[in-house]
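Dear colleague,

I am passing on the structure we spoke about, and below it you will find my notes on what I found. Please read them with the structure open beside you.

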Protein chains: 2
Amino acid sequence: MIERMEIQPITREVVAERLRAHGIAPTHQRIEVAYVLLERCEHLSADRILALVNARHAEVSKATVYNALRLFREKGLIRELIVDPAKVFYDPNTEPHHHFYDVVTGELTDISGDSVRVEGLPPLPPGTVAEGIDVIVRTRPRS
Amino acid sequence: MIERMEIQPITREVVAERLRAHGIAPTHQRIEVAYVLLERCEHLSADRILALVNARHAEVSKATVYNALRLFREKGLIRELIVDPAKVFYDPNTEPHHHFYDVVTGELTDISGDSVRVEGLPPLPPGTVAEGIDVIVRTRPRS
DNA sequence: ACCGTCATTAGACAAAGTCCAGGCCCTCCT
DNA sequence: AGGAGGGCCTGGACTTTGTCTAATGACGGT
């Protein structure tokens, strides 16, 4: 099953199935939004997704793209990356992992979560529970 | 010298001296902006700073606050925190350290950098150099 | 066919931050 | 003192990202 997923090409049917698996009704618009994220497995901003979805001809409105992305995040299908002060990026990879972020080019690169360990963290503030840890290694092009 | 700094109260003269030490011409407006950040040693957003500076009576314009904050960051006097999708926070503490971020209340808490270690990081992307590492532990209030 | 519910839409709106053109102030030079 | 130049500051217009709203559309169940 897992082996089949890795070689399974991303079709709209597959996307619809993943939406259902996350408790999301697979409407045409949601499938298109999820498709552009899952097809090219990249970090995309909302306005880039909006442009990609409507590249051939207008298909999905701005409000729907934002609604879909928020829903996907709430349902755990995608992850939000807060690294750029101007815009949010969405990451279709929900495995625990971290990121390089080039502060000049804006480029985002994954860091596998397998090998990275964060040690020596103090106890959480009282009355709170952890949601996750983000490690962002800021880089810049060599002079 | 270091001992004296710790007990030194934050006056406008002290602030001016720190600006000069970072190569920043200490104008009246810049001193006011830096003062509110250094006085209360908190994480503040730009619009909060704008409001605090002009609390008694209008003193500094919006453009100047943003200009000053950008300059301070470039000169290494303060640090930018990208944790909230809506706004940037500024941190007067430039020692290496990390943060708890409550995703519900928006509260930011420091994690001392002394004890925290991040291990197992892969090599940097080719042609880049590291600028720093941010560790953000996202939390939420216990149910 | 009807109804209720949810999804989608265009466009208005809000908030954070940037840009610009003009004016101010300070210093330096003569 | 007068003038020139260079920063710096300013109000306001502008841009961009994202949200809200009110109306319409799609769809399943009875």
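Which residue stands opposite Asp102(A) in E7(A)? The partner is Thr139(A), and before I build on that pairing I should say that this is a predicted model, so that everything below is to be read as a description of a prediction.

**The strands between the two chains**

The pair just named belongs to a parallel arrangement, in which E4(A) and E7(A) are joined by four bridges. Thr139(A) also has a counterpart across the chain boundary, since it stands opposite Ala130(B) in E7(B). That second pairing is part of a run of 13 bridges between E7(A) and strand E7 (residues 128-141) of chain B, and here the sense is antiparallel. A further antiparallel pairing between the chains links E6(A) with strand E6 (residues 117-119) of chain B through three bridges, and within it Arg117(A) has Glu119(B) as its bridge partner. For both kinds of pairing it may help to recall that the strands of a sheet pair through backbone hydrogen bonds, either parallel or antiparallel.

**The contact between chain A and chain B**

Taken as a whole, the contact involves 35 residues of chain A and 35 residues of chain B. On the side of chain A that touches chain B, two or more residues come from each of strand E4 (97-102), strand E5 (108-112), strand E6 (117-119) and strand E7 (128-141). The largest share of that side belongs to E7(A), which gives 14 residues. Sorted by class, the same side of chain A holds 20 nonpolar, seven polar and eight charged residues.

How are the two copies placed with respect to each other? Chain A can be laid on chain B with an RMSD of 0.1 Å, by a turn of 179° and a shift of 0.0 Å along the axis, and this is the relation of a two-fold axis. Because 100% of the interface residues of chain A are interface residues in chain B as well, the copies meet through the same surface.

**The small sheets**

Chain A has an open sheet of three strands in the order E1-E3-E2, with antiparallel pairing. Its edge strands are strand E1 (44-45) and strand E2 (79-81), each of which pairs on one side only. E2(A) is joined to strand E3 (residues 89-91) of chain A by three bridges in the antiparallel sense, and Glu80(A) stands opposite Tyr90(A) in E3(A).

In chain B an open sheet of three strands likewise has the order E1-E3-E2 and antiparallel pairing. Strand E1 (44-45) and strand E2 (79-81) of chain B stand at the edges with a single partner strand each, so one side of each is left without a neighbour in the sheet. Between E1(B) and strand E3 (residues 89-91) of chain B there are two bridges, again antiparallel, and Ser45(B) has Phe89(B) as its bridge partner in E3(B).

**The surfaces near the DNA**

DNA strand D is surrounded by 21 residues, of which the closest are Val88(A), Thr27(B), Gln29(B), Ser61(B) and Thr64(B). Two or more residues of this surface come from each of helix H4 (46-53) and helix H5 (62-74) of chain A and helix H3 (28-39) and helix H5 (62-74) of chain B. H5(B) has the largest share, with four residues, and by class the surface near DNA strand D has ten nonpolar, six polar and five charged residues.

DNA strand C is surrounded by 21 residues, the closest being Thr27(A), Gln29(A), Ser61(A), Ala63(A) and Thr64(A). Here helix H3 (28-39) and H5 of chain A, together with helix H4 (46-53) and H5 of chain B, each supply at least two residues, and H5(A) gives the most, with five residues.

**Two helices of chain B**

H3(B) and H5(B), which both give residues to the surface near DNA strand D, pack at an angle of about 70° with their axes 10 Å apart, and they are therefore roughly perpendicular to each other. Gln29(B), Arg30(B), Val33(B) and Ala34(B) of H3(B) make this contact with Thr64(B), Val65(B), Ala68(B), Leu69(B) and Phe72(B) of H5(B). Six of the contact residues are nonpolar, two are polar and one is charged. Among them, Gln29(B) and Thr64(B) are also listed with the closest residues to DNA strand D.

With best wishes

Technical notes. Residues numbered from 1 in each chain as written. Chains lettered and ligands numbered in written order. Predicted model: local features only at pLDDT ≥ 70, side-chain atom pairs only at ≥ 80, totals over all residues. Near = placed C-beta within 6 Å. Nonpolar A, V, L, I, M, F, W, Y, C, P; charged D, E, K, R; others polar. Contact = placed C-beta atoms within 7 Å. Pairing = 2+ DSSP bridges. Axes fitted to C-alpha atoms, helices over the stretch in contact; angles between N-to-C directions. Parallel < 35°, antiparallel > 145°, perpendicular 65-115°, else oblique. Least-squares fit on C-alpha atoms with pLDDT ≥ 70 in both.
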